[in-house]
Amino acid sequence: MSLNKNRLEPAPKSVTDDLNRLLLIWLSGYTDIPALIKPEPMLAAKETGLELTTIKNSMGSPDITGERWEGEYQFGIIYRIVKPSGADERLKAVQDLNRLGNYASTTVPDLGEHISFIECNVAQQAALLYPWGNGDEDYQILLNLKYEVI
């Protein structure tokens, strides 16, 4: 069956309910950044950490029968560093996020019984997102996850 790529609609609630939790579990498998990735909005001020944030709600296209559904979920990982001491610390934050993006692009997550992973790719390399007035800085990488509900 072919998918109707012109008819985009929000992902079924049964998919989105667990998607963030499953992504957190999958990305926590990347251990080169010594911080737990938290769901938004749980990134504490004045504390180094990582946060999963939704960029665009999961959207997709059903096939003609309604039995298959292909979706795309756009998300970001924010990495807050507390008062970076210089360029080396800033560059390391960018490098760490880009390596996390590489991990996401080369590993296969377990998305549950009825969701099949297609691919994950980096939509935008890591870069400074927001410099806070207290000296802290947030960096972000953007990713796209493609999957199929069967």
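**Exercise 1. Find the partners of K146**

Task: In this predicted model, which residue of β6 is the bridge partner of E119, and which residue stands opposite that β6 residue from E72?

Solution:
- Start at E119. Its bridge partner in β6 is K146.
- Now go to E72. This residue stands opposite K146 too.
- So what about the strands themselves? β4 covers residues 69-81 and β6 covers residues 137-149, and the two pair in the antiparallel sense over 13 bridges.
- β5 runs over residues 115-131, and β5 and β6 pair in the antiparallel sense over 12 bridges.
- Want two further pairs to look up in the picture? E70 stands opposite E148 in β6, and L128 stands opposite Y139 in β6.

**Exercise 2. Walk along the chain**

Task: How many helices and strands does the protein have, and in what pattern do they follow along the sequence?

Solution:
- Count the elements: you should get 2 helices and 6 strands.
- Then read along the sequence, and the pattern is β-α-β-β-β-α-β-β.
- Look at the end of that pattern. β5 and β6 form a hairpin with 5 residues between them.
- Inside that turn, G135 has a positive phi of about 100°.

**Exercise 3. An odd phi in a loop**

Task: Where does K83 lie, and is K83 buried or exposed?

Solution:
- Find K83 in the loop between β4 and α2.
- Check its backbone: K83 has a positive phi of about 35° although it is not a glycine.
- Here's the background: most residues other than glycine have a negative phi.
- Last, check its cover. K83 has 55% relative accessibility, and exposed means over 50%, so K83 counts as exposed.

**Exercise 4. Covered or not?**

Task: How many of the residues of β4 and of β6 are buried?

Solution:
- Take β4: 10 of its 13 residues are buried, so this strand is mostly covered.
- Take β6: 12 of its 13 residues are buried, and this strand is mostly covered as well.
- Zoom out to the protein: buried residues make up 41% of its 150 residues.
- As for the surface, the protein exposes about 8300 Å², and carbon and sulfur atoms supply 52% of that area.

**Exercise 5. A glutamate under cover**

Task: Is E137 buried or exposed, and which side chains make polar contacts with the side chain of E137?

Solution:
- Place the residue: E137 is found in strand β6.
- Apply the cut-off. Buried means under 20% relative accessible area, and E137 has 8%, so it counts as buried.
- Look for polar partners. The side chains of E137 and R90 are joined by a polar contact of 3.0 Å.
- There is also a polar contact of 2.5 Å with the side chain of Y139.
- Leaving aside neighbours within four places in sequence, the contacts of E137 include Y79, I81, L128 and W132.

**Exercise 6. Two residues compared**

Task: Which relative accessible area goes with A93, and which relative accessibility with I55?

Solution:
- A93 is found in helix α2, residues 87-106. Its relative accessible area is 2%, so A93 is buried.
- Not counting residues up to four places away in sequence, A93 touches Y79, I81 and Y139.
- A93 and A126 are 33 residues apart along the chain, yet their C-alpha atoms are separated by 8.4 Å.
- I55 is found in strand β3. At 42% relative accessibility, I55 counts as partly exposed.
- The C-alpha atoms of I55 and F75 are separated by 4.8 Å, with their positions 20 residues apart along the chain.
- Leaving aside neighbours within four places, I55 is in contact with Q74, F75, G76, Q140 and L142.

**Exercise 7. Into the core**

Task: Which residues of the largest nonpolar core touch the most other members, and which residues form one aromatic cluster?

Solution:
- The largest nonpolar core has 34 residues, and F75, I77, L97, L100, L145 and Y147 touch the most other members.
- Who supplies this core? α1, β3, β4, α2, β5 and β6 each give at least two residues.
- A general point fits in here: in soluble globular proteins, nonpolar side chains tend to be buried together.
- Now the rings. The structure holds 5 aromatic pairs, and W26, Y30, Y103 and F117 form one aromatic cluster.
- Finish with the contacts between residues at least 6 apart in sequence: 65% of them join residues at least 24 apart.

Definitions and conventions. Residues numbered from 1 in each chain as written. Predicted model: local features only at pLDDT ≥ 70, side-chain atom pairs only at ≥ 80, totals over all residues. Heavy atoms only, no water. Phe/Tyr/Trp six-rings, centres within 6.5 Å; stacked < 30°, edge-to-face > 60°. Helix = DSSP H or I, 4+ residues; strand = E, 2+ residues; numbered from the N terminus. Buried < 20%, exposed > 50% of the residue type's maximum accessible area, 1.4 Å probe, protein only. Contact = heavy atoms within 4.5 Å. Areas by Shrake-Rupley, 256 points an atom, 1.4 Å probe, with all protein chains shown as cover. Pairing = 2+ DSSP bridges. Polar contact = N/O pair within 3.5 Å; in protein donor to acceptor, adjacent residues only side chain to side chain. Core = buried A, V, L, I, M, F, W, Y, C linked by side-chain atoms within 4.5 Å.
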